[in-house]
Amino acid sequence: LALADAGGSRAPAALDLASARVTTTGAAAPNLAFRSGALLAGATYVFQVAVRPRSAGGEGPAALAEVVVVTNRAPWGGTVEASPAEGDALSTRFALSAPGWTDDPEDLPVTYAFEERLRGPDAAGTGTVEPAASISALALVTPFIDGVVLAAGERALRVVVADVHGAAAVAEAPITVRPRAPSAEDVGSLMLFAEQSVVTGNVGAATALIRALAASATAAAAAA
């Protein structure tokens, strides 16, 4: 097994094919199956097999064959952004975008999944990081979603960009959402907005809004 560069030069790949951490088959079987993550993304590998007759006891001349394999790499070159970069909880409607992403032509199109979470340790002080919550309920084919309402806090906006083979890249950006207590009128308006978002197919915005309302209610109950 060797790695090849753009000029065709080869160097041995630092992989132990007999290791159970690298392959599920070992190096001496008729088939070779790698474990997920064992091969480098975007690399050119040259696989060579040597076959000798059993009657020779594994000694003597061998028939050789080789194949060149280029591994898939994740999309690259993009970012994730929010407009505006800061706003008020349950009031500001953020527009999220993921510009600049590209991939090899045979791996297109890419899809975009927007997520958000509270940055740093959780508010309960357990030292854990809040898991990311989905904003776009489904992966999008366009790098844009608008009308997103978020809960208060120093939050992290995140996008997962995946190609047709499932290789994915992640980008994050900070976003500041100031606390703001909603009035009864605000809540009614927001619920109407959530209903309209679902009707127009913007389910992610509706989901983020309901999550923000729940967080606001929880914070208000804790402060009471």
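**Reading the chain from leucine 90**

Tutor: Leucine 90 sits in the loop between strand 6 and strand 7. The model is predicted: local features need pLDDT of at least 70, side-chain atom pairs count only at pLDDT 80 or more, and totals for chains, interfaces and linings use all residues. Numbering starts from 1 along each chain as its sequence is written, and side-chain values use heavy atoms, with hydrogens and water left out.

Student: What makes a stretch a strand or a helix?

Tutor: Both are DSSP runs, numbered from the N terminus: H or I over at least four residues for a helix, E over at least two for a strand. This chain has twelve strands and two helices. Their order from the N terminus is β-β-β-β-β-β-β-β-β-β-β-β-α-α.

Student: Why is the chain called more spread out than a compact globule?

Tutor: Its radius of gyration, taken over C-alpha atoms, is set against the globule rule, 2.2 Å times the number of residues to the power 0.38. The rule gives 17 Å for 224 residues, and the chain has 25 Å, well over that, so it is more spread out than a compact globule. Its C-alpha trace spans about 85 × 40 × 30 Å along the principal axes.

Student: Why is leucine 90 called buried?

Tutor: Buried means under 20% relative accessible area, exposed over 50%, and partly exposed in between (1.4 Å probe, protein chains only). Leucine 90 has 3%, so it counts as buried. Buried residues make up 32% of the 224 in the chain.

Student: What is notable about the phi of leucine 90?

Tutor: Its phi is positive, about 60 degrees, although leucine 90 is not a glycine.

Student: What makes a group of residues a nonpolar core?

Tutor: The members are buried Ala, Val, Leu, Ile, Met, Phe, Trp, Tyr and Cys residues, joined through side-chain atoms within 4.5 Å. The largest such core here has 23 residues; among those touching the most other members are Leu96, Trp101 and Phe114. Strands 7 (94–97), 8 (111–118), 10 (144–148), 11 (153–162) and 12 (168–178) each give two or more residues to this core. Strand 12 gives the largest share, five residues. Another core lies apart from it, with ten residues, including Leu90, Ala194, Ala212 and Leu213.

Student: Which residues does valine 159 contact, leaving aside neighbours within four places in sequence?

Tutor: Contact means heavy atoms within 4.5 Å. Among its partners are Thr79, Val80, Trp101, Tyr112 and Ala171.

Student: How do you know that the buried residues of helix 1 share a side?

Tutor: Those residues are Asp186, Leu190, Phe193, Ala194 and Ser197. They cover an arc of only 105 degrees around the axis, so they fall on the same side of helix 1. The arc is that of the directions from the helix axis to the C-beta atoms. On the other side, Ala184, Glu185, Glu195 and Val199 are exposed.

Student: What span is expected of helix 1, and what span does it have?

Tutor: The expected span is 1.5 Å times one less than the number of residues. Helix 1 (residues 184–199) has 16 residues, which gives 22 Å; it reaches 23 Å from first C-alpha to last, close to that value. Glycine 201 follows helix 1, with a positive phi near 90 degrees.

Student: Which omega values go with the cis bonds before proline 84 and proline 109?

Tutor: From serine 83 to proline 84, omega is near 0 degrees. Between leucine 108 and proline 109, omega is about 5 degrees. Proline 84 is in the loop between strand 5 (81–83) and strand 6 (86–88), and proline 109 is in the loop between strand 7 and strand 8.
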